Amino acid sequence: MSLATPATSEDNRTLDGGLPLRILHRPGPAILAARLAIPGGSGRDPAGGRGAHQLLAGSMTRGCGELDAEALADCVEGAGAALRVEAHEDGLVLALKCAADDAPTLVPLLLAMARRPRLEPEQVAIERQLNLQMLQRQKEDPFQLAHDQLRRLLYGNGPYGHDPLGIEAELAGLGPKDLRPLVEGLGADGAVLVLCGDAPSALEAALEQELAASPWSTHTPRPQAFAGPPRATGHFGQQIQDTEQVVLMLGAATVPLAHPDALALRLLQAHLGLGMSSRLFITMREERGLAYDVGVHLPAYSGGPPFVMHLSTSAERVAEATTCLLDEWQRLLEERLDQGSRLLALAKFQGQDAMGRQTCSQIAERQALVLSHGLPSDHVRQVMERAPGIGAEDLRAAARRWLTAPSLSLVGPAPALEQAHQAWLNHGLSRP
């Protein structure tokens, strides 16, 4: 079976008020995926109001313009469409997938949700309660606890120091009056609407009609200045949880998607954590049986995203697992990848790119991400062309620039944490 991506043609327009519209015409079923990406997100939550942008995102789906919550749900679900709105660390993403025939009716709703959310008190209260319940459930998840603790170590009270859901005590006090100023500021740093699939000719006029009802002055997003990742507020954190396993997360703040070293770090991510042939999987799980699961996380932020190795292990073998994880991190700083490992990482990176653009939704998601970071539309193509030229010394040099002082986050039973802490203190990485 061929995995080739169907050819696309492209149109670039600018709607009234300055909103860029990128249309990727793609042959196939008569469906359309739309993404409205607006820079901002939980990294812009106001002081004392962490969780505000995610609360706004959820509330947008609970009525906009002339449609209350029930009418909006009927309009979308009655057409068999899928709608979601999420706040990420760097932006809001309004996502829709629908039949092409329904696009002139449904896609303008994305603009209405961004410009004219109803924010009815009872609907905001329902959404707030759902978010508070999710935060409560996260307290039972050791992986989430370790991740939140690592956020605090790396970013403190900075923009990336909290989950987009927010902080319970602050979220509990938020209401419509706190969300309306956020709506007024949406688009100040730009916005972009990406469509992929079968875009009907009547759609652009429908979008202009919605903008006429609620004018929106915005522009193409621009790259953010990057002065380097923040200094970590701490290099070790632990939280006791009475379980039979320990979650370890070792991470460092690095560089944004636009940075020249971002590609090298993503190749290292592929080498360490992508698939069952990855370095961490083979070393820590297959050969030594130290990990229940293991992986590497590197999100795409416009600031300094975390490069994170994570694993869960048994309480009995936590000291050995901690030392092994630290040794693998140290290995990135000291040793060059051999040719076979480098080429395997490159192949995985290229394969991941190909598999990530098979559907209209995937293509729209990726293009919206790139454009919302202020990068050119062909950024991914440029990266893929550069990737084969990144050598082993380039990889080691990037690791040495950004990964020399990681922070370790632990969650598990107290005796195991003490053993892991001692393993940390005995390792050279604990003394950056």
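**Figure 1. Contacts between residues that lie far apart in the sequence.** In this predicted model, take the contacts of the chain with a separation of 6 or more. Residues 24 or more positions apart account for 80% of them. Burial can be read from the same view. Of the 432 residues of the chain, 54% count as buried.

**Figure 2. Overall fold and dimensions.** The chain's secondary structure comes to 17 helices and 13 strands. Along the principal axes, the C-alpha atoms fill a box of roughly 65 × 50 × 40 Å. The radius of gyration is 23 Å. That value agrees with a compact globule, because 432 residues packed that way would give a radius near 22 Å.

**Figure 3. The loop around L119.** L119 sits in the loop between α4 (108–115) and α5 (121–138). Its phi is positive, about 50°, although L119 is not a glycine. Most residues other than glycine have a negative phi. Is L119 buried or exposed? L119 counts as buried because its relative accessibility is 2%.

**Figure 4. Surface and charge.** The chain exposes about 18,300 Å². Carbon and sulfur atoms supply 52% of that area. How many charged side chains are there of each sign? The chain has 38 positive and 50 negative ones. The centres of the two sets lie 6 Å apart.

**Figure 5. Confidence along the chain.** The mean pLDDT is 95. Of the chain's residues, 98% reach 70 or more. Where does pLDDT stay under 50? It does so over residues 1–6. For this stretch the model has 9 contacts beyond four places in sequence.

How values were computed:
Residues are numbered from 1 along each chain as its sequence is written. Side-chain values use heavy atoms; hydrogens and water are left out. pLDDT is the predictor's confidence in each residue, from 0 to 100. Contact means heavy atoms within 4.5 Å. Helices (H or I, at least four residues) and strands (E, at least two) are DSSP runs, numbered from the N terminus. Buried means under 20% relative accessible area, exposed over 50%, partly exposed in between (1.4 Å probe, protein chains only). The radius of gyration is taken over C-alpha atoms; the globule rule is 2.2 Å times the number of residues to the power 0.38. Accessible areas come from the Shrake-Rupley method with a 1.4 Å probe; for residues, only the protein chains shown count as cover. Lys and Arg count as positive and Asp and Glu as negative; His and the chain ends are not counted. The place of a charge is taken as NZ of Lys, CZ of Arg, CG of Asp or CD of Glu.
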